[in-house]
Amino acid sequence: MKFFSVDGPLYRFISRLWDMIKLNFLWLLFSLPIVTIGAATVAAYSVTLKMVDESEGYVGRQFVKAFKENWKQGIPLGLLGLLAAYVIYLDFELFNKLENNPMIFLIAGIVAVFVFGVAFIYAFPLSARYENTLLETLKNSARIATRYFVRTLFLAAVLAVEVVIGIFNTTTLFFAILIGPACLMLTISGFAIYFFREIEREPGSVREKEEEKEEE
């Protein structure tokens, strides 16, 4: 039966699930020193962006190759991301722990979530797809997030739903540990690749200039 063949939906589902498990394991493994979490995340996005196109090939080989190519950019990006997460955590923690719950810390936390959110939501896939400085990568992430603001809000809602499902009970928590981070990155990649391609088609885009040089 075609359903059980190598071209059938069951085989493709199992194959993709196995790829996600491998990718998630590699991301966790290469993130263990903490300082390398940014490079591991960029490497994971280089794979998930290809997964969206169904052109990922060998996940392990591509991940390791991308990690080696992007560690110089990924490590500082990851450290900045960790710092941003700590600032957000500190704001909400101060709001909860200080007497009378000063509203200034709650407001600061909400503002920090928005500012850091738009700066980082597309930063890692951008770093995986394009060569750029750290500052320009963050700026471009913010530009894309504000340009496609409504769709980025929808993306945030989808990610929130995935997180809630992942922590719903012990069973879903097991799968969240098994493939959760990889699923979140795949979801972001699905949105990001659409935005990237739309921008690349614009006259004067970086990708268009690169293609013109190749033709020459």
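## Helices and overall fold

Helices, as the word is used here, are DSSP runs of H or I with at least four residues, and they are numbered from the N terminus. In this predicted model, the secondary structure comes to nine helices and zero strands, so that the pattern read along the sequence is α-α-α-α-α-α-α-α-α. The protein has 216 residues, of which buried residues make up 35%.

## The largest pocket

Helix H2 (37-52), helix H3 (59-97), H4, H7 and helix H8 (170-200) each contribute at least two residues to the lining of the largest pocket. The volume of this pocket is about 1,000 Å³, and among the 29 residues that line the largest pocket, those closest to its centre are Gly 117, Phe 120, Ile 121, Phe 124 and Ile 188. Rolling a probe the size of a water molecule over the atoms shows where empty space is left.

In chemical character, the lining of the largest pocket divides into 23 nonpolar residues, six polar residues and no charged residues.

## A nonpolar patch on the surface

Two of the helices that supply the pocket lining, H4 and H7, also appear at the surface, where helix H4 (103-120) and helix H7 (149-166) each supply at least two residues of a nonpolar patch. This patch covers about 770 Å² and is made by Met 103, Ile 107, Val 111, Phe 114, Val 115, Phe 149, Val 150 and Leu 153. H4 gives the most to the nonpolar patch, with five residues.

Phe 149 may serve as an example of a patch member from helix H7. Its relative accessible area is 36%, and Phe 149 is therefore classed as partly exposed, a value that also satisfies the patch requirement of over 30% relative accessible area.

## Salt bridges

Side chains of opposite charge can pair when their charged atoms come close. The structure holds eight salt bridges, and three of the pairs are described below, beginning with one inside a single helix. The side chains of Asp 19 and Lys 22 meet in a salt bridge with an N to O distance of 3.5 Å; both residues lie in helix H1 (residues 9-31), three residues apart, which is about one turn of the helix. The two partners fall into separate classes of accessibility, since Asp 19, at 10% relative accessibility, counts as buried, whereas Lys 22, at 29%, counts as partly exposed.

A second salt bridge joins Asp 53 to Arg 197, with the closest N and O atoms 2.2 Å apart. This pair links distant parts of the chain, given that Asp 53 is in the loop between H2 and H3 while Arg 197 is in helix H8, 144 residues apart. Asp 53 has a relative accessibility of 37% and so counts as partly exposed, and Arg 197, with a relative accessible area of 31%, is likewise partly exposed. In a third pair, the side chains of Glu 136 and Arg 143 meet in a salt bridge of 3.8 Å, N to O, and salt bridges that share partners join Glu 136, Lys 139 and Arg 143 into one network. Glu 136 is partly exposed at a relative accessible area of 27%, and Arg 143 is partly exposed at 46%.

## Positive phi angles in two loops

Most residues other than glycine have a negative phi, and most peptide bonds are trans. Against that background, two loop residues deserve separate mention. Ile 34, in the loop between H1 and H2, has a phi near 70 degrees, a positive value in a residue other than glycine. Asn 101, placed in the loop between H3 and H4, has a positive phi of about 45 degrees although it is not a glycine, and at 34% relative accessibility Asn 101 counts as partly exposed.

## A buried leucine in H5

Leu 126 is found in helix H5 (residues 123-129), and because its relative accessibility is 8%, below the cut-off of 20%, Leu 126 counts as buried. Leu 126 and Ser 141 are 15 residues apart in sequence, and the C-alpha to C-alpha distance between them is 7.3 Å.

Methods. Residues numbered from 1 in each chain as written. Predicted model: local features only at pLDDT ≥ 70, side-chain atom pairs only at ≥ 80, totals over all residues. Heavy atoms only, no water. Patch = residues over 30% accessible without salt bridge, like charges linked within 9 Å, V, L, I, M, F, W, Y side chains within 5 Å. Areas by Shrake-Rupley, 256 points an atom, 1.4 Å probe, with all protein chains shown as cover. Salt bridge = Lys/Arg side-chain N within 4 Å of Asp/Glu carboxyl O. Buried < 20%, exposed > 50% of the residue type's maximum accessible area, 1.4 Å probe, protein only. 1 Å grid on protein atoms, 1.4 Å probe; cavity = no way out; pocket = protein on both sides within 12 Å on 5 of 7 lines; lining within 4 Å. Points joined across faces, edges and corners; volume = space filled by probe spheres on them. Nonpolar A, V, L, I, M, F, W, Y, C, P; charged D, E, K, R; others polar.
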